[in-house]
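I record here what I looked up in this structure, entry by entry. The entries follow the order in which I consulted the model.

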Amino acid sequence: MDLVKKNKELKNLLAQTTAELKVKHRELEIESALERVRAVALSMQKPDDLQDVCKIISDQLETLNVKNIRNVQLAIIDEEKKNYANYQYFTAYAKQVFEEPTYGTNPSADGMVREMQKSVNSFFIGSIQGEELKKFIEWRNNNDQFPDPLLDKSDAVYYYFYSIGKGGLGLTTYKEISNESLEIFKRFHKVFTSPIAGLKISNRH
């Protein structure tokens, strides 16, 4: 075997080995993040603890280089009151927030509620842009929701939601996320849903 061919084969082998190690390292990073989320989820004792879960999911997503996160939220729908208990962590402001916004008055919010009500564990994504976004921001302001200056300046907001029956686990971002980031969030959903099975989640009041 001539030297040029041998060197080429060695380079190819090195490149393949390096790529495989990167994949393994990335998987270890994700698994470590999942364990941190699982630990917080398993320690929940009361509905307010859901804000801590939202925070740890946000923190771990950032650790895994998921960018432009607006918030992580868990919404529980109350069909009788026409509102939903929304446990949130706003990443850009490092703020835990609980709100009970009404629905039935804004098409964007209503659409997300309808999707969450469709079936347990369904997944849906979308975006709010243009005139629809202006109306969504106006609806938020009218409901005295958490101030979000970054949203006011944004051209769009993107949402990724898993239905959990009476509500949903959601991620919203100021820019569209990559397929890899989306797959990571899906894995966090699987970790999260088992621990909450035994926790009664409802409006706090």
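**Entry 1: the hairpin.** I began with strand 5 and strand 6, which form a hairpin with 3 residues between them. In the turn, I noted that Gly-165 has a positive phi of about 90 degrees. The model is a predicted one. Strand 5 and strand 6 (residues 167-173) pair in the antiparallel sense over 6 bridges. Within this pairing I found Tyr-162 opposite Leu-169 in strand 6.

**Entry 2: strand 5.** I then asked whether the residues of strand 5 are buried or exposed. I found that 8 of the 8 residues of strand 5 are buried, so the strand is largely enclosed by the rest of the structure. In a regular strand, side chains alternate between the two faces of the sheet. I checked the directions here: Ala-156, Tyr-158, Tyr-160 and Tyr-162 point one way from strand 5, while Val-157, Tyr-159, Phe-161 and Ser-163 point the other way. Strand 5 also pairs with strand 4, in the antiparallel sense and over 7 bridges. There, Ser-127 stands opposite Tyr-158.

**Entry 3: the sheet.** I next traced the strand order. The 6 strands form an open sheet in the order 3-2-1-6-5-4, with antiparallel pairing. Its edge strands are strand 3 (95-99) and strand 4 (123-129), each of which pairs on one side only. Neighbouring strands of the sheet are turned by 20 degrees against each other on average, direction ignored. At the strand 3 edge, I recorded 5 bridges in the antiparallel pairing of strand 2 (residues 83-90) with strand 3. Phe-90 has Lys-95 of strand 3 as its bridge partner. Helix 4 (residues 130-142) packs on the sheet and touches strand 1 (69-78), strand 2, strand 4 and strand 5 (156-163). The direction of helix 4 makes about 95 degrees with that of strand 4.

**Entry 4: helix 4.** I examined this helix by itself. Helix 4 has 13 residues and reaches 19 Å from its first C-alpha to its last, close to the 18 Å expected at 1.5 Å a residue. Which residues of helix 4 are buried? I listed Leu-133, Phe-136, Ile-137, Trp-139 and Arg-140. These residues cover an arc of only 160 degrees around the axis, which puts them on the same side of helix 4. The face turned away from that buried side carries the exposed residues Lys-134 and Asn-142. The buried residues pack against strand 1, strand 2, helix 3 (107-118), strand 4, helix 5 (149-153) and strand 5. After helix 4 comes Asp-144, whose phi is positive, near 55 degrees.

**Entry 5: the cores.** I turned to the nonpolar interior. The largest nonpolar core has 33 residues, and those with the most contacts inside it are Ile-57, Leu-61, Val-72, Leu-74, Tyr-160, Leu-171 and Phe-188. The elements giving two or more residues to this core are helix 1 (3-42), helix 2 (50-63), strand 1, strand 2, strand 5, strand 6 and helix 6 (179-196). Helix 2 provides the largest share, 6 residues. Leaving aside neighbours within four places in sequence, I found Ile-57 in contact with Val-37, Val-72, Leu-169 and Phe-188. A second, separate core of 19 residues includes Ala-109, Phe-124, Leu-133 and Tyr-174.

**Entry 6: two single residues.** I looked up Gln-60, which lies in helix 2. Gln-60 has 7% relative accessibility; because buried means under 20%, the residue counts as buried. Beyond its neighbours within four places in sequence, Gln-60 is in contact with Ala-33, Arg-36, Val-37 and Phe-188.

I then located Ala-109 in helix 3. With a relative accessible area of 2%, Ala-109 is buried. Not counting residues up to four places away in sequence, Ala-109 touches Tyr-84 and Trp-139. Ala-109 and Arg-140 are 31 residues apart in sequence and 9.6 Å apart in space, C-alpha to C-alpha.

**Entry 7: the whole chain.** Finally, I noted the overall composition. The chain has 6 helices and 6 strands, and along the sequence these follow the pattern α-α-β-β-β-α-β-α-α-β-β-α. Of the 205 residues in the chain, 46% are buried. Among contacts between residues at least 6 apart in sequence, 62% join residues at least 24 apart.

Conventions. Residues are numbered from 1 along each chain as its sequence is written. This is a predicted model: local features need pLDDT of at least 70, side-chain atom pairs count only at pLDDT 80 or more; totals for chains, interfaces and linings use all residues. Side-chain values use heavy atoms; hydrogens and water are left out. Two strands pair if DSSP finds at least two bridges between them. Helices (H or I, at least four residues) and strands (E, at least two) are DSSP runs, numbered from the N terminus. Axes are lines fitted to C-alpha atoms, for helices over the stretch in contact, and angles run from 0 to 180 degrees between N-to-C directions. Contact means heavy atoms within 4.5 Å. Buried means under 20% relative accessible area, exposed over 50%, partly exposed in between (1.4 Å probe, protein chains only). A nonpolar core is a set of buried Ala, Val, Leu, Ile, Met, Phe, Trp, Tyr and Cys residues joined through side-chain atoms within 4.5 Å. The expected span of a helix is 1.5 Å times one less than its number of residues. The arc is that of the directions from the helix axis to the C-beta atoms.
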